[in-house]
Amino acid sequence: MIDTTTFEEHRRMLFGIAYRMLGSVADAEDVVQDAWLRCSQVSTPVENPAGYLARTVTNLALNRLTSAAATREQYVGPWLPEPLVTRPDVGEEVELAESVSLAMLVVLESLSPLERAVFVLKDVFGFSFREIAGMLDRGEAAVRQVGSRARAHVQARRPRYDAPAEVRRRVTEEFLAACLGGDLNRMMELLAPDVTAWSDGGGKVKAALRPQQGAEKVARFLAAVIAQPMDDPRVHAVDVNGRPGLLLTVAGRPDTVACAEVEDGRITEIRIIRNPEKLRHLPPP
C-alpha cells in the first residue's frame, strides 16, 4: 500500500510527468488526484513506490491524451499549453521549478503519446528503459527504439536559447514598457527580424488564427491588441514556466499570459495565451 506521506513525497514528480504529457495544469492535477484515489485503495505492499506511482500517472495521462486527440484536431487557431505562472521571487518553492518552457512543451506535443511518455520518463525523470517497459507493458527493445526516435525528434526541434535569466527579464521588461508606451520603433528594435508570435484564444476570445511573423507585423499586431479598450487593465511581472513573462488582468481577472524567448538581446518568439479555459487555474495576482 502507499500512504499519504509517501504519495506527497512524490507529488511533484507525478505532477511533472502529467503536465509534460498533457500540457494542461488542470488535467495534470486531475490525473494526480486520480492516481491517489487508485493507489490509496491498494492493500498489498509496494516495493518501488516511485515506479508504481509513475506508472499509474503515465497510464492515466495516456488515456487522457487518447480522448483529447479529436479535440486538439478541431482546435481553433494555434494550440499552446496551459501556463504555470508564479511571482518572480517564488523560485524553487513551487512546481514551476520542475517545469519546462512553453516552447519545449510545444515540441513534446509534436510527439506521439507513446513517444512522449517514454521521453518524459527516461530523459526527464531518469527511469531506465527496463522500468519504462514494465510501466507500459511493452518489450524493452521496443521501448528503447521508441525512446531513440523521440530523443532524435526532440533534439532536432529543441529550443536553443542561451540568454541568461537577467537578460531575458531585462529585454522582456523593456519590450513591455515600449508596448505600453505605444513606442512602435522601440518595439521593433527589441524584436528579432524573424520573430514569430503565437496567440491562443481557442476560438473563445480575440486572437490571431495564424502565427504572426516578422518584427513589423508582430509589433503592429501587439500594438493593436494593447490599444483595445479594457476595464481596469493591469500588467503584472510573473514567471511563466520558469521564464520572465507577464500577466494581464482586466477587471481583476486574468485575461492574458505572455512569455518571450530571447537570443542575442532580441526577442525571437512570443507566446500569448488568452483562452479563458487555460487561465482559470490562475489565482488572483
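These legends describe close-up views of a predicted model.

**View 1. Strand β4 pairs with two strands, β1 and β5.**
Strand β4 covers residues 233–240. Its pairing with β1 (residues 85–86) is antiparallel and rests on two bridges. Valine 85 has valine 240 as its bridge partner in β4. The pairing of β4 with β5 (residues 243–250) is also antiparallel, and here eight bridges join the strands. Proline 233 finds its bridge partner in β5, at valine 250.

**View 2. A hairpin turn links β4 and β5.**
Two residues sit between the strands of this hairpin. Asparagine 241 is in the turn. Its phi is positive, at about 50°.

**View 3. The largest nonpolar core holds 59 residues.**
Which residues have the most contacts inside this core? They are Ile17, Met21 and Leu108. Methionine 21 has contacts beyond its neighbours within four places in sequence. One group of these partners is Thr58, Ala61, Leu62 and Leu65. Pro113, Arg116, Ala117 and Val120 are also in contact with methionine 21. Another core, of 23 residues, lies apart from the largest one. Its members include Val171, Val195, Ala197 and Ala260.

**View 4. Cysteine 179 and cysteine 259 are not bonded to each other.**
A disulfide is a covalent bond between the sulfur atoms of two cysteines. The search of the whole structure finds zero disulfides. Why does cysteine 179 form no bond with cysteine 259? The sulfur of cysteine 259 is the closest cysteine sulfur to that of cysteine 179, yet the two are 14 Å apart, which is too far for a bond. A disulfide would need the sulfur atoms within 2.5 Å. Seen from cysteine 259, the closest cysteine sulfur is that of cysteine 179, again at 14 Å. Cysteine 179 is buried, with a relative accessible area of 10%. Cysteine 259 is buried too, at 6%.

**View 5. Aspartate 34 and arginine 64 form a salt bridge between helices α3 and α4.**
Side chains of opposite charge can pair when their charged atoms come close. The whole structure has 20 salt bridges. In this one, the N to O distance is 3.7 Å. The pair links distant parts of the chain, 30 residues apart. Aspartate 34 lies in α3 (residues 25–39), and arginine 64 lies in α4 (residues 49–73). Aspartate 34 is partly exposed, at 30% relative accessibility. Arginine 64 is partly exposed as well, at 26%.

**View 6. Glutamate 174 and arginine 186 meet in a salt bridge.**
The N to O distance is 2.9 Å. Glutamate 174 is in helix α9 (residues 165–180) and arginine 186 is in helix α10 (residues 184–190), so the salt bridge ties together parts that are twelve residues apart in sequence. Glutamate 174 is partly exposed, with a relative accessible area of 28%. Arginine 186 is partly exposed, at 30% relative accessibility.

**View 7. Glutamate 277 forms a salt bridge with lysine 204.**
The closest N and O atoms of the pair are 3.9 Å apart. Glutamate 277 lies in the segment after β7 (266–273), while lysine 204 is in the loop between β2 (191–200) and β3 (212–213), so the pair ties together parts that are 73 residues apart in sequence. Glutamate 277 counts as partly exposed, at 38% relative accessibility. Lysine 204 is partly exposed, with a relative accessible area of 46%. Elsewhere, salt bridges that share partners join Asp27, Asp30, Asp34 and Arg64 into one network.

**View 8. Arginine 274 makes polar contacts with lysine 206 and threonine 256.**
Is arginine 274 buried or exposed? At 13% relative accessibility, arginine 274 counts as buried. Arginine 274 is placed in the segment after β7. A polar atom of its side chain lies 2.6 Å from the backbone oxygen of lysine 206. The side chain of arginine 274 also makes a polar contact with the side chain of threonine 256, at 3.0 Å. Leaving aside neighbours within four places in sequence, the residues in contact with arginine 274 include Asp200, Gly201, Val205, Asp255 and Leu279.

Conventions:
Residues are numbered from 1 along each chain as its sequence is written. This is a predicted model: local features need pLDDT of at least 70, side-chain atom pairs count only at pLDDT 80 or more; totals for chains, interfaces and linings use all residues. Side-chain values use heavy atoms; hydrogens and water are left out. Two strands pair if DSSP finds at least two bridges between them. Helices (H or I, at least four residues) and strands (E, at least two) are DSSP runs, numbered from the N terminus. A nonpolar core is a set of buried Ala, Val, Leu, Ile, Met, Phe, Trp, Tyr and Cys residues joined through side-chain atoms within 4.5 Å. Buried means under 20% relative accessible area, exposed over 50%, partly exposed in between (1.4 Å probe, protein chains only). Contact means heavy atoms within 4.5 Å. A salt bridge is a side-chain nitrogen of Lys or Arg within 4 Å of a carboxyl oxygen of Asp or Glu. A polar contact is a pair of N or O atoms within 3.5 Å; within protein, one must be able to donate a hydrogen and the other to accept it, and residues adjacent in sequence count only if both atoms are side-chain atoms.
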